Amino acid sequence: MAITPGVYDMTVQRRSDHNVQLVFKDSNNSAINLTGYTVEAQVWDNSRSNKYADFGVTYTNRTAGTIDIALTDVQTATFTPDFLNYDVLLTNPSGLKEYYLEGKVFMSEGYTA
């Protein structure tokens, strides 16, 4: 079954760590059991010609559909455009790949170094 990815835009401070907790739910608002799933998330430029980072993924509570995706300060220091794009791809235990989330990463300049 194909799904339409949700959209979530985020603002990230350049040269800072950034963490987002995600809870995946089905159309009945019930948590998707992520046991056996793999989750990948990446940040790209608008033309998809330059990959800026792979998010770190932590499976916080698989049965409750909860993960954390994170970027490090070292990664965000390289985010030179004012906005980038990202998405989150889930692969189920049978190998079916579906995008569940996508959005823009708006960069905010951090000044304290």
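Student: In which sense do β3 and β7 pair, and over how many bridges?

Tutor: Two strands count as paired if DSSP finds at least two bridges between them. β3 and β7 run antiparallel and share six bridges. Asparagine 19 stands opposite alanine 70 in β7. Elements are DSSP runs numbered from the N terminus: E for strands (at least two residues), H or I for helices (at least four). The model is predicted, so local features need pLDDT of at least 70 and side-chain atom pairs 80 or more, while totals for chains, interfaces and linings use all residues. Residues are numbered from 1 along each chain as its sequence is written, and side-chain values use heavy atoms, with hydrogens and water left out.

Student: Which strand does β6 join, and over how many bridges?

Tutor: Strand β6 (residues 56-61) is joined to β7 by four bridges, again antiparallel. Asparagine 61 has threonine 66 of β7 as its bridge partner. The two strands form a hairpin with four residues between them. In that turn, glycine 65 has a positive phi of about 70°.

Student: Is β7 mostly covered or mostly open?

Tutor: Use relative accessible area with a 1.4 Å probe, protein chains only: under 20% is buried, over 50% exposed, and in between partly exposed. Strand β7 (residues 66-71) is mostly covered, with five of its six residues buried.

Student: How many aromatic pairs are there?

Tutor: A pair of rings is described by the distance of the centres and the angle of the planes. Rings of Phe, Tyr and Trp (its six-membered ring) pair with centres within 6.5 Å; planes under 30 degrees apart are stacked, over 60 edge-to-face, the rest tilted. The rule gives three pairs. One of them joins phenylalanine 24 and tyrosine 100, edge-to-face, at 5.7 Å centre to centre with 90° between the planes. Phenylalanine 24 lies in the loop between β3 and β4 and tyrosine 100 in strand β9, so the pair ties together parts 76 residues apart in sequence. Phenylalanine 24 is buried at 6% relative accessible area, and tyrosine 100 is buried at 17%.

Tutor: Another of them is tyrosine 52 with phenylalanine 79: edge-to-face, 5.9 Å centre to centre, 90° between the planes. Tyrosine 52 is in strand β5 (residues 51-54) and phenylalanine 79 in the loop between α1 (73-76) and β8, so parts 27 residues apart in sequence are tied together. Both residues are buried.

Student: Which charged ends sit over rings?

Tutor: The test needs NZ of Lys or CZ of Arg within 6 Å of the ring centre and within 35 degrees of the ring normal. The charged end of arginine 48 sits over the ring of tryptophan 44, 4.0 Å from its centre. Arginine 62 has its charged end over the ring of tyrosine 59, 3.7 Å from the centre.

Student: What lines the largest pocket?

Tutor: A pocket, on a 1 Å grid over the protein atoms alone, is an open set of points with protein on both sides within 12 Å along at least five of seven lines; lining residues have an atom within 4 Å of a point. The largest pocket holds about 380 Å³ of space. Its lining has 19 residues, with Ile3, Lys25, Asp26, Ile32 and Tyr100 nearest the centre. β9 gives the largest share, three residues.

Student: Which residues line the second largest pocket?

Tutor: Its lining includes Trp44, Arg48, Asp87 and Tyr99. About 210 Å³ of space lies there.

Methods:
On a 1 Å grid over the protein atoms alone, a cavity is a set of points where a 1.4 Å probe fits but cannot get out, and a pocket is an open set with protein on both sides within 12 Å along at least five of seven lines; lining residues have an atom within 4 Å of a point. Grid points are joined across faces, edges and corners, and a volume is the space filled by probe spheres set on the points.
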